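Me: I would like a close look at one part of this model, namely how its strands are paired and what packs against them. Please also cover any unusual backbone in the loops that join those elements.

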Amino acid sequence: PVGDAADPRLAPYLGLRDPARRRDLEAATGVFVAEGWKAVARLLDSGLTVRSVVVATERGERVQDELPEPEADLPLLLVPRPVLDGVAGFAVHRGVLALAERPPALDWRHLASRARRLLVVEAVNDQANLGSLFRTAAGLGVDGVLLCPKACDPFYRRTVRVSLGASFLLPSARASPWPAALDELARDGWTVAALTPQGALDLHDSALAAADRVAVLVGSEGDGLSARARRAATHQVAIPMAPGTDSLNVTVAAAIALWAARPSLRARGGG
């Protein structure tokens, strides 16, 4: 077991709840941290380069049951819970962390050229919301996620945890310049559907199911989509709701729209 918090092998896990510190460290070293058994298991199967796995000593017996067989040279560090919590800066209830190298940044145009359905995210800066969006997009068969420059980091620990690893499994890219990227998608034949309570088009009448290429555009919880993003969309779409309500959680709204546009519905003529 690694019983010393000053052990250099634990240095990359320091201060996991300090966003500024993590941004600087991860940007400088090109790494990210996954937390939780499912996320770490998917990371080990992903083909990404994993530098180390840290497991709380009392959870060591779960390694063989919960994780795929690691590479022979992968450091698997057993760390007493008090040491692990002290290094991370919080109680690591799930008892497992992993450090991996970030994949090379993708060009958003290349990603879009190979896709038929995209989720496009503007200014979502809540890590849990972004993680939920990635998990939802992966579950509904989306080909990739485009993020505006102001959206938060899909490789941040909390996003990875909430997404159950979808944020590193599903291809994503920063779309820039913004929102001119939306104009470019529209010129290339994409149906860009902006979800907004003020949408002139009811989701049921939006014909998303019949469109060849669909990009569902969502904004932040508080402010929603910017006026410029809404204007750049080919459709402004509203989800019909009961009287007295005007909006849904961004993940719920995205899930409804992505379900409406999923390929199996298109194949059946939208029925």
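Reply: Leu146 of E6 has Ala173 as its bridge partner in E7, and this is one position in a pairing in which E6 and E7 run parallel over three bridges. Strands here are DSSP runs of at least two residues (E) and helices are DSSP runs of at least four (H or I), numbered from the N terminus, while two strands count as paired if DSSP finds at least two bridges between them. The model is a predicted one, in which local features need pLDDT of at least 70 and side-chain atom pairs count only at pLDDT 80 or more, although totals for chains, interfaces and linings use all residues. Residues are numbered from 1 along each chain as its sequence is written, and side-chain values rest on heavy atoms, with hydrogens and water left out.

On its other pairing, E6 is joined to E5 by four bridges, again in the parallel sense, and Leu119 has Val145 as its bridge partner in E6. The path of the chain from E5 to E6 goes through H6, and the resulting β-α-β crossover is right-handed; that is, with the strands pointing away from the viewer, the path from the first strand over the helix to the second runs clockwise.

The side chains of E6 (residues 144-147) are worth following one by one. In a regular strand the side chains alternate between the two faces of the sheet. Gly144 and Leu146 point one way, whereas Val145 and Leu147 point the other way, and all are buried, where buried means under 20% relative accessible area, exposed means over 50% and partly exposed lies in between, with a 1.4 Å probe and protein chains only.

Stepping back to the whole sheet, seven strands form an open arrangement with parallel pairing, in the order E7-E6-E5-E10-E8-E11-E9. Its edges are E7 and E9, each of which pairs on one side only. Towards the E9 edge, E8 and E11 run parallel and are joined by three bridges, with Val237 of E11 as the bridge partner of Leu195. Strand E11 (residues 235-238) also pairs with E9, in the parallel sense and over two bridges, and here Leu201 stands opposite Val237. Val237 therefore has a part in both pairings of E11, if bridge partners are read as DSSP bridges in the sense used for pairing.

Helices lie against this sheet as well, and contact in what follows means heavy atoms within 4.5 Å. H6 lies across E5, E6, E7 and E10, and the angle between H6 and E5 is about 175°. H9 packs on the sheet too, where H9 touches E5, E6, E8 and E10 and its direction makes about 135° with that of E8. These angles run from 0 to 180 degrees between N-to-C directions, and the axes are lines fitted to C-alpha atoms, for helices over the stretch in contact.

The loops that lead into these two helices hold some less common backbone geometry. Most residues other than glycine have a negative phi, and most peptide bonds are trans. Ala123, in the loop between E5 (117-121) and H6 (127-139), has a phi near 60°, which is a positive value in a residue other than glycine. Ala123 is partly exposed, with a relative accessible area of 22%. The loop between E7 (172-174) and H9 (180-187) contains Pro177, and the peptide bond from Ser176 to Pro177 is cis, with omega near 5°. Pro179 lies in the loop between E7 and H9 too, and the bond from Trp178 to Pro179 is likewise cis, with omega near 0°.
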